[in-house]
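Please open the structure in your viewer and keep the selection panel at hand, as each stop of this tour begins with something to select.

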Amino acid sequence: MKREFPLFVTAVVGIFMILSFFVPHQLVSVPSDFLQQCAIIIVGFGYVLGGANTLRLNADTIYKRQPGWGYKLVLVLALIATVAIGAVEGRDFLTEHKISKWLYDEIYSPMAATMFALLAFYIASAAFRAFRIRTVEAGLLAVAALIVMLGRVPLGALMTKWLPAPLQLPAVQDWVMEVPQNAAKRAILMGAALGVMATGLRVILGIERSYLSGED
Amino acid sequence: VTRWLERLDRRWIFFGMGLLVLLPLLFPLSLPLTVSNRVRAFHDGIARIPDGSTVLMSCDYDPGAIPELVPMTRTALHQLFDKKCKVVVTCLWPGGPGLVDNTVRAVADEMHQVDGVDYVDLGFKEGREAVMVLMGQGIANAFPRDYQGKDTRSLPIMRNVRDYSSFPLLVNISAGYPGTKEWVQQVQGRFHLPMVAGVTAVSAPEFYPYLQTGQLVGLLGGMAGAAEYEKLRGEKGTATRGMDAQSMAHVFVALCILAGNWVHWRRRREERAS
């Protein structure tokens, strides 16, 4: 019963949600609406669980003075301070002249943007040190990468302006993206969709049970 | 040259990249831009909706995508407000609502639009695809309060908004999951809501199949897409200014690939010879 009941609930809810996609009647749409609301509330609790888990894992590292404990201390202090300030400021924590808004605008936002900006430097370094053409496939990949990279920017267009229009980099780049890339992407999407359907069916039918206490 | 390249400290590569990004920002080259069909379709998709319509705009990104997605959000809002459209804004990324609110409010103030009447920012709601489906049962069901905490149902803009059938178009600006793919699968496919999307350059290839099938009416890909959109609208925003820097950075990365392989090829030749 301990195992059968969750399997039964999963099957019923799964079948019900599929039905709601095809049956617009209130008998189906109202309960499915309720189930969606429940899902959103459960996901909300995930934040509490995630916060608690982050605190537990990092507090352990700090307590044992393991390598990098200083960074973890900054993380924990920042987490506690942000939550505490938000809680004290209450419902209006997002409005102008509040510390929470200042933290978001002046600390979180520039730091997140900086993290992504650094990628440009590492990509250039990786391109020089690691992108080695050792096989025909790698060669094709490099040629496609060069065409798309240069064809996407105005400088690429300028560099090949002297060529006939269909041979200019932007036109070749468009062809690469719209024909071979598109065909491959469509195949991947269809394959993934079929895989999701198969996995969904396996869960509903109780064949796939890995979500129940790590069973296969 | 090969020996010098072999011993090249990667900090020189960082320095080169920094310089090539910084210089065009300080001294713009004003390289000419060509508008692609995808960008024109995005622009025309918005241009085709009746003036004064209420449009749903979901801005699903966080500060990591500022250079690419904020310019296209701004230009899309300019185009919508120019058409006297009312805009209902949502955000499904936990790190994004502050940024999205700042962007929407800045454009709205610049164009003298009134909060709650001409536009509303409904803020962030956790639940990803579940929120998208729930909005199909009623926008106010999913977002009972707006970003400022006001009762959504009491806002003048929401009087004529019930569910997805109240909108002629969905404008989605997204940096990943949940984003354009999920909006196509959960909303466009299910509620048949026409949709245009603006995405980061790295994720743009994923959406070409949806563009080809007509599930997406138009697509802006990365800063290049945003810059082309600005050109089409006759604006000179941050994407247009950033394209010179991006051009130089792309050429530099291409040169790095070629130089790296030149070194590799020479080394292999020497090894074989010895």
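A salt bridge is taken here as a side-chain nitrogen of Lys or Arg lying within 4 Å of a carboxyl oxygen of Asp or Glu. By that rule, 19 salt bridges are counted over all chains of this model, which is a predicted one. Side chains of opposite charge can pair when their charged atoms come close.

**Stop one: the charged network in chain B**

Select B:Arg267 and B:Glu6, and look for the salt bridge between them, in which the closest N and O atoms are 3.1 Å apart. B:Arg267 belongs to helix α11 (residues 238-273) of chain B and B:Glu6 to helix α1 (residues 2-6) of chain B, so this pair ties together parts that are 261 residues apart in sequence. Both ends can be seen at the surface to some degree, as B:Arg267 is partly exposed with a relative accessibility of 37%, and B:Glu6 is partly exposed at 31%. Now add B:Arg3 and B:Glu270 to the selection, and you will have a network of salt bridges that links these two residues with B:Glu6 and B:Arg267.

**Stop two: an arginine with two partners**

Next, select B:Asp101 and B:Arg105, whose side chains meet in a salt bridge at 3.0 Å, N to O. The two residues are four apart in helix α5 (residues 97-110) of chain B, which means that about one helical turn separates them. Is B:Asp101 buried or exposed? With a relative accessible area of 5%, B:Asp101 is buried.

Keep B:Arg105 selected and add B:Asp115, with which B:Arg105 forms a salt bridge whose closest N and O atoms are 3.4 Å apart. Here the arginine lies in helix α5 of chain B while B:Asp115 sits in the loop between α5 and β3 (119-124) of chain B, so the pair ties together parts 10 residues apart in sequence. B:Asp115 is partly exposed, its relative accessible area being 21%.

**Stop three: a nonpolar patch on the surface**

Show the surface of chain B and select B:Trp12, B:Phe15, B:Leu19, B:Leu22, B:Leu23, B:Leu26 and B:Phe27, which together make a nonpolar surface patch of about 770 Å². One of these residues, B:Leu19, lies in helix α2 (residues 10-26) of chain B. B:Leu19 is partly exposed, with a relative accessible area of 37%, and this value passes the cut-off of over 30% that patch residues must meet.

**Stop four: backbone angles to inspect**

Most residues other than glycine have a negative phi, and most peptide bonds are trans. With this in mind, select B:Arg128, where phi is near 50°, a positive value in a residue other than glycine. B:Arg128 is found in the loop between β3 and α6 (129-135) of chain B, and at 34% relative accessibility it counts as partly exposed.

B:His192 also has a positive phi, of about 55°, although it is not a glycine. This residue lies in the loop between α8 and β5 (195-199) of chain B; B:His192 counts as exposed, at 62% relative accessibility.

Then move to the peptide bond from B:Tyr177 to B:Pro178, which is cis, with omega near -5°. B:Pro178 is placed in the loop between β4 (170-174) and α8 (180-191) of chain B.

**Stop five: a buried phenylalanine**

Select B:Phe207, in the loop between β5 and α9 (208-213) of chain B. Which residues surround B:Phe207, leaving aside its neighbours within four places in sequence? They are B:Thr180, B:Lys181, B:Val199, B:Leu216 and B:Leu219, with each of which B:Phe207 is in contact. B:Phe207 is buried, with a relative accessible area of 4%.

**Stop six: where chain A meets chain B**

Finally, colour the two chains separately and turn to their contact, which takes 48 residues from chain A and 63 residues from chain B. About 5,200 Å² is buried between the chains, and carbon and sulfur atoms give 64% of that area. In chain A, the residues that lose the most area to chain B are A:Ile40, A:Phe128 and A:Arg152, which together account for 13% of what that side buries.

For the polar side of this interface, two salt bridges are counted between chain A and chain B. Select B:Arg38 and A:Glu178 to see a salt bridge whose closest N and O atoms are 2.8 Å apart. Across the interface there are also 15 residue pairs in polar contact, both residues being at pLDDT 80 or more. On the side of chain A that touches chain B, the largest share, 17 residues, comes from α4(A).

Methods:
Residues are numbered from 1 along each chain as its sequence is written. Chains are lettered from A and ligands numbered from 1 in the order in which they are written. This is a predicted model: local features need pLDDT of at least 70, side-chain atom pairs count only at pLDDT 80 or more; totals for chains, interfaces and linings use all residues. Side-chain values use heavy atoms; hydrogens and water are left out. Patches are made of residues with over 30% relative accessible area and no salt bridge: like charges are joined within 9 Å, nonpolar side chains (Val, Leu, Ile, Met, Phe, Trp, Tyr) within 5 Å. Accessible areas come from the Shrake-Rupley method with a 1.4 Å probe; for residues, only the protein chains shown count as cover. Buried means under 20% relative accessible area, exposed over 50%, partly exposed in between (1.4 Å probe, protein chains only). Contact means heavy atoms within 4.5 Å. Buried area is the accessible area (1.4 Å probe) that two parts lose on being put together, summed over both. A polar contact is a pair of N or O atoms within 3.5 Å; within protein, one must be able to donate a hydrogen and the other to accept it, and residues adjacent in sequence count only if both atoms are side-chain atoms.
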